[in-house]
Amino acid sequence: MAEGPALPPVVARMWGRDPVSRHGPRPSLSLEGITAAAIGIADAEGLAGVRMSSVARSMGVATMSLYRYVGSKEELLVAMADAAAPDPPEPEGTGWRDHLTVWTRAHRDFLLDRPWLLHITRFAPPMGPRSLLWLDRGLAALDGTGLGAGERMNVVSTLTGYAVSHAGLALGAGGPEPPGEEEAAGLAEYGAILTEVLDPGTYPALAAAVGEDAFGDGDEWIDDGDFGFGLGLLLDGVEALIAARRTARS
């Protein structure tokens, strides 16, 4: 039987599949311990504070000792993104729409709780056991809807993207880690900038929307009412797709 492709080292370690040596002293560190220390630094200082040297210092070990467990800072970030994810909500007999509403909001909320995750999850696909559990529970909500595997995956990916983008907007609008002074401090300032630069002749629809305060107050982007409005539009589309598939089969 042909062997599958070799797993990246950090992925193998996250799944407990790295080879264990029967010789020599038992390892004094673990990927879990290193990752927990790195998450503690990120929670306190943001992602900029996470360096191999700072993690080692917080654990009272030499920096080089970490490389037995994690090959680079990039690998450490992958492990952090997985370990920092909480348990996903379980379906518990709810309908697909109710569960995906709870699932998407919970996804948004844990990103708001740990803003540094946005700098990782925007670009890194889920590979660890905790992040893939989120993907599994999202897909499970769509069981029995008649959607194909690819369609279910696209739905969950779209909802994930919505949670990530909304969390990013909310944080940029005055959340725990606002942008620097050289950037727009929030959506209110962003709207003011657009008012200044937009020519209604070239951008008629956008200029009109900004003039009507389309971006509103930054707090509105964290409020569940605003979040739920966009989520409802997405789920309406999913519901229409499910109905179309049922009509086609009948």
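**Exercise 1. Determine what share of the chain is buried, and describe its overall make-up.**

Solution. Of the 250 residues in this chain, 36% count as buried. The model is a predicted one. Its secondary structure comprises 11 helices and 0 strands. The surface that the chain exposes comes to about 14200 Å², of which carbon and sulfur atoms supply 57%. Among contacts with a separation of 6 or more, 70% join residues 24 or more positions apart.

**Exercise 2. Identify the largest nonpolar core and the helices that supply it.**

Solution. Begin with the extent of the core: it has 53 residues. Next, find the residues with the most contacts inside it, which are Val50, Val55, Leu76, Met80 and Trp116. Then assign the core to elements: at least two residues each are supplied by α1 (9–14), α2 (31–45), α3 (52–59), α4 (73–83), α5 (96–113), α6 (118–121), α8 (149–172) and α11 (224–249). Finally, the largest share, 8 residues, comes from α8.

**Exercise 3. List the contacts of Leu76 beyond its neighbours within four places in sequence.**

Solution. With those neighbours left aside, Leu76 is in contact with Ile34, Thr35, Ala38, Val50, Met52, Val55 and Val70. Two of these partners can be placed within the core, since Val50 and Val55 are, like Leu76, among the residues with the most contacts inside it.

**Exercise 4. Classify the packing of α2 against α4 and characterise the residues at their contact.**

Solution. Take the geometry first: the axes of α2 and α4 are 9 Å apart, and the angle between the two helices is about 80 degrees. Angles of 65 to 115 degrees count as roughly perpendicular. The two helices α2 and α4 are therefore roughly perpendicular to each other. Now consider the residues: α2 contributes Leu31, Ile34, Thr35, Ala38, Ile39 and Ala42, which meet Leu76, Ala79, Met80 and Ala83 of α4. By class, the residues of this contact are 9 nonpolar, 1 polar and no charged.

**Exercise 5. State which residues of α4 are buried and what covers them.**

Solution. The buried residues in α4 are Glu75, Leu76, Leu77, Ala79, Met80, Ala81 and Asp82. Their cover includes α1, α2, α3, α6 and α7 (129–140).

**Exercise 6. Locate Gly16 and decide whether it is buried or exposed.**

Solution. Gly16 belongs to the loop between α1 and α2. Its relative accessibility is 59%. The threshold for exposed is over 50%, so Gly16 counts as exposed. As for its position relative to Leu31, the two residues are 15 residues apart in sequence, and their C-alpha atoms are 9.7 Å apart in space.

Key. Residues numbered from 1 in each chain as written. Predicted model: local features only at pLDDT ≥ 70, side-chain atom pairs only at ≥ 80, totals over all residues. Heavy atoms only, no water. Core = buried A, V, L, I, M, F, W, Y, C linked by side-chain atoms within 4.5 Å. Buried < 20%, exposed > 50% of the residue type's maximum accessible area, 1.4 Å probe, protein only. Helix = DSSP H or I, 4+ residues; strand = E, 2+ residues; numbered from the N terminus. Contact = heavy atoms within 4.5 Å. Areas by Shrake-Rupley, 256 points an atom, 1.4 Å probe, with all protein chains shown as cover. Axes fitted to C-alpha atoms, helices over the stretch in contact; angles between N-to-C directions. Parallel < 35°, antiparallel > 145°, perpendicular 65-115°, else oblique. Nonpolar A, V, L, I, M, F, W, Y, C, P; charged D, E, K, R; others polar.
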